[in-house]
Number of protein chains: 2
Amino acid sequence: MISTRGRYALRVLVDLAEQDSDDFVPLNEIATRQGISIKYLEIILKTLVRNGLLKGHRGKGGGYKLTRRPEEYRVGEILELTEGPLTSVACLTPGAEPCPNRENCRTLPMWEKFDTMVHDFFYNMTIKDLLSEDK
Amino acid sequence: MISTRGRYALRVLVDLAEQDSDDFVPLNEIATRQGISIKYLEIILKTLVRNGLLKGHRGKGGGYKLTRRPEEYRVGEILELTEGPLTSVACLTPGAEPCPNRENCRTLPMWEKFDTMVHDFFYNMTIKDLLSEDK
DNA sequence: CTATTCCCTTGTAGTATAATAGGTATATGA
DNA sequence: TCATATACCTATTATACTACAAGGGAATAG
């Protein structure tokens, strides 16, 4: 289950892409437009800024701005930054202690196949795809 | 992320299918074979019994037994019983309060497409498929 | 009757989620 | 220069979930 962190991050990036402004957009504008708590969004955006997905600017006239074009943001990248690795089971997360039962685990191949599918799905989708998505 | 509940449930069903016994298999055998806490498995198996996926029998010679053939257990069914609905986001879980932003949410179509993919993946796979899966 | 086994209820340490609160640093513009 | 706007930083919190553990009750075979 994807938590609000990942979903909100995506919505903010889509929001900024839709504004399509060269100026910095202040967080309170984004938050009220999206109906999300300002203070909570702050925490989420910190991660995006630290990883270079957004640029933040302080002071009057400050705010946030995209650092790339919408088609250069992969959804999978954003979800992994905010939610952690996109793995379905604990034993497949990077850095997990190797499962002692690994060699004859009957379910492992399924989880691996699933994870590949999920990874492909989210890494083949960009913010631009979300913009042009029609309901 | 699929928790141990769903993973353990699958492993128990695969275990029972592999035993391929007409007798009831006591839980402590399954648990030691799988290296899982008996008490924890008890909780998980209760759900499976209540929903008719397993038959439990008390007393000496008792234990658990499959109620269907392995190919008649869909992985998706088992995961939903133990983990809850296989939805990626809160607003798509059955019985969720409708999102006020639903009509113009730019990310909703992606989540819907994703959920369909996940659902198909797990409902097109059975316990029998896990048995014959080669590493 | 007794040992075995599932069934049922309760508790619990640890962790994550979704925030809230309050302060600090920095930039703008009057 | 100084008030204001804004991002940034640290801490706290209520709630819920996870992954068990504990102890007993009920049924069943021999």
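The legends below describe close-up views of a predicted model with protein chains A and B and DNA strands C and D. Residues are numbered from 1 along each chain as its sequence is written, and chains are lettered from A and ligands numbered from 1 in the order in which they are written. Because the model is predicted, local features need pLDDT of at least 70 and side-chain atom pairs count only at pLDDT 80 or more, while totals for chains, interfaces and linings use all residues.

**View 1. Chain A has six helices and two strands.** Helices (H or I, at least four residues) and strands (E, at least two) are DSSP runs, numbered from the N terminus. Along the sequence of chain A the pattern is α-α-α-β-β-α-α-α. The C-alpha trace of chain A spans about 60 × 30 × 25 Å along its principal axes. Chain A has 135 residues, of which 29% count as buried. A residue is buried if 20 or more other C-beta atoms lie within 10 Å of its own, exposed if 12 or fewer, and partly exposed in between, with C-beta atoms placed from the backbone. Of the contacts in chain A between residues at least 6 apart in sequence, 61% join residues at least 24 apart. Two residues are in contact if their C-beta atoms, placed from the backbone, lie within 7 Å.

**View 2. Chains A and B are related by a two-fold axis.** A turn of 180 degrees and a shift of 0.0 Å along the axis lay chain B on chain A with an RMSD of 0.0 Å, which is the relation of a two-fold axis. The superposition is by least squares on the C-alpha atoms of residues with pLDDT of at least 70 in both copies. Met1(B) is the residue of chain B that comes closest to the rotation axis, with its C-alpha at 3.2 Å.

**View 3. Chain A and chain B each give 22 residues to their contact.** On the side of chain B that touches chain A, at least two residues come from each of α1, α5 (108–123) and α6 (127–132) of chain B. The largest share there, five residues, belongs to α5(B). This side of chain B is made up of 13 nonpolar, four polar and five charged residues. Ala, Val, Leu, Ile, Met, Phe, Trp, Tyr, Cys and Pro count as nonpolar, Asp, Glu, Lys and Arg as charged, and the others, Gly among them, as polar. The copies meet through the same surface, because 100% of the interface residues of chain B are also interface residues in chain A.

**View 4. The surface near DNA strand C holds 26 residues.** A residue is near a strand if its C-beta atom, placed from the backbone, lies within 6 Å of it. The closest to DNA strand C are Ser3(A), Ser37(A), Gly59(A), Leu27(B) and Gly56(B). α3(B) gives the largest share of this surface, four residues. By type, the residues near DNA strand C are seven nonpolar, eleven polar and eight charged.

**View 5. DNA strand D is surrounded by 25 residues.** Leu27(A), Gly56(A), Ser3(B), Ser37(B) and Gly59(B) are the closest. Two or more residues each come from α3 (38–50), β1 (54–57) and β2 (63–66) of chain A, and from α1 (4–19) and α3 (38–50) of chain B. α3(A) gives the most, with four residues. Seven nonpolar, ten polar and eight charged residues make up the surface near DNA strand D.

**View 6. β1(B) and β2(B) form a hairpin.** Strands β1 (residues 54–57) and β2 (residues 63–66) of chain B pair in the antiparallel sense over four bridges. Two strands pair if DSSP finds at least two bridges between them. Leu54(B) has Leu66(B) in β2(B) as its bridge partner. Five residues lie between the two strands, and Gly59(B) in the turn has a positive phi of about 85 degrees.

**View 7. The largest nonpolar core has 58 residues.** Such a core is a set of buried Ala, Val, Leu, Ile, Met, Phe, Trp, Tyr and Cys residues joined through C-beta atoms within 7 Å. Val12(A), Leu13(A), Val12(B) and Leu13(B) touch the most other members. Not counting residues up to four places away in sequence, Leu13(B) touches Tyr73(B), Ile78(B) and Ile127(B).

**View 8. Asp20(A) lies in the loop between α1 and α2 (27–34) of chain A.** Asp20(A) is not a glycine, yet has a positive phi of about 50 degrees. Most residues other than glycine have a negative phi. Asp20(A) counts as exposed because it has 9 C-beta neighbours inside 10 Å.
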